[in-house]
Amino acid sequence: MTQKNQYKLNVNGQTVEVTAESRELLIYTLREKLNITGPHIGCETSHCGACTVTIDGKSVKSCTMFVAQAEGKEITTIEGLGGPDALHPLQEAFKEHHGLQCGYCTPGMITRATKLLEEIPNPTEEEIRFGMAGNICRCTGYQNIVKSIKAAAAEINAAKEAAQ
Ligand code: FES
Ligand code: FES
């Protein structure tokens with residue numbers, strides 16, 4: 001019989017408990033146990049970035065982490081960034097600038113982009129392309145993804161200036 005354990009996770013500001021095998025991949029825990037279906041499963045081999053979440057302030061591909069490794073850490077998924085009533089500036093910009101086609105890569109793209117803009121608040125096109133290199137869009141809509149991230153950066157920076 002396979003042994004299962006209890007794990008306490010902090011997801012999008014809430015503490016939740018799950019029962020899982022320690023080797024269960026975090027992406028499956030999120031999607032199948034917690035019904036957090038924003039992060040997608042693409043390759044399961046750390047190549048595509050569809051499963052990207054933020055863990056303790058860093059972008060992480062959740063298909064590369066076991067649930068046991070995520071215990072006690074702060075996990076943020078696309079659901080934790082904003083919702084239909086209050087979109088995150090990146091969600092708004094992807095919508096405005098057609099930064100998505102089928103949308104499969106979008107939750108991972110946006111979640112990664114939040115960290116990129118924290119690391120580099122006013123990135124050049126080259127810095128965006130480099131910073132987003134771990135996220136693949138099978139629809140190849142990269143031009144508008146870059147445009148969306150630039151627009152969101154401008155929006156976030158303007159809001160910061162207005163608040164000073
Ligand atoms: S599903 Fe995790 S990187 Fe592709
Ligand atoms: S919008 Fe289809 S994979 Fe990126």
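Here's a walk through the two domains of this protein and the pockets in it. Keep in mind that the model you're looking at is predicted.

Let's start with the overall layout. The chain splits into domain 1 (5-80) and domain 2 (89-163). If you take the C-alpha centre of each domain, the two centres sit 22 Å apart. Where the domains touch, domain 1 puts 18 residues into the contact and domain 2 puts in 14 residues. Together they bury about 1200 Å² between them, and 53% of that area is on carbon and sulfur atoms. What about salt bridges across the interface of domain 1 and domain 2: how many are there? The rule finds zero.

Now for the empty spaces. Rolling a probe the size of a water molecule over the atoms is a way to see where space is left.

The second largest pocket is a good one to look at next, because both domain 1 and domain 2 give residues to its lining, so it lies between them. Its volume is about 150 Å³. Among the residues lining this pocket are Ile-41, Gly-42, Cys-48 and Ala-50, along with Cys-102, Tyr-104 and Cys-105. Ile-136, Cys-137, Arg-138 and Cys-139 belong to that lining too. Sort the lining by class and you get nine nonpolar residues, one polar and one charged.

So where's the largest pocket? It holds about 180 Å³ of space. It's lined by 13 residues, and the closest to its centre are His-88, Thr-114, Lys-115, Glu-118 and Ile-156. Which elements give two or more residues to this lining? They are α4 (106-119) and α6 (142-163). By class, the lining of the largest pocket has five nonpolar, five polar and three charged residues.

Technical notes. Residues are numbered from 1 along each chain as its sequence is written. Chains are lettered from A and ligands numbered from 1 in the order in which they are written. This is a predicted model: local features need pLDDT of at least 70, side-chain atom pairs count only at pLDDT 80 or more; totals for chains, interfaces and linings use all residues. Side-chain values use heavy atoms; hydrogens and water are left out. On a 1 Å grid over the protein atoms alone, a cavity is a set of points where a 1.4 Å probe fits but cannot get out, and a pocket is an open set with protein on both sides within 12 Å along at least five of seven lines; lining residues have an atom within 4 Å of a point. Grid points are joined across faces, edges and corners, and a volume is the space filled by probe spheres set on the points. Helices (H or I, at least four residues) and strands (E, at least two) are DSSP runs, numbered from the N terminus. Ala, Val, Leu, Ile, Met, Phe, Trp, Tyr, Cys and Pro count as nonpolar, Asp, Glu, Lys and Arg as charged, and the others, Gly among them, as polar. Domain bounds come from an automatic or database domain assignment. Contact means heavy atoms within 4.5 Å. Buried area is the accessible area (1.4 Å probe) that two parts lose on being put together, summed over both. A salt bridge is a side-chain nitrogen of Lys or Arg within 4 Å of a carboxyl oxygen of Asp or Glu.
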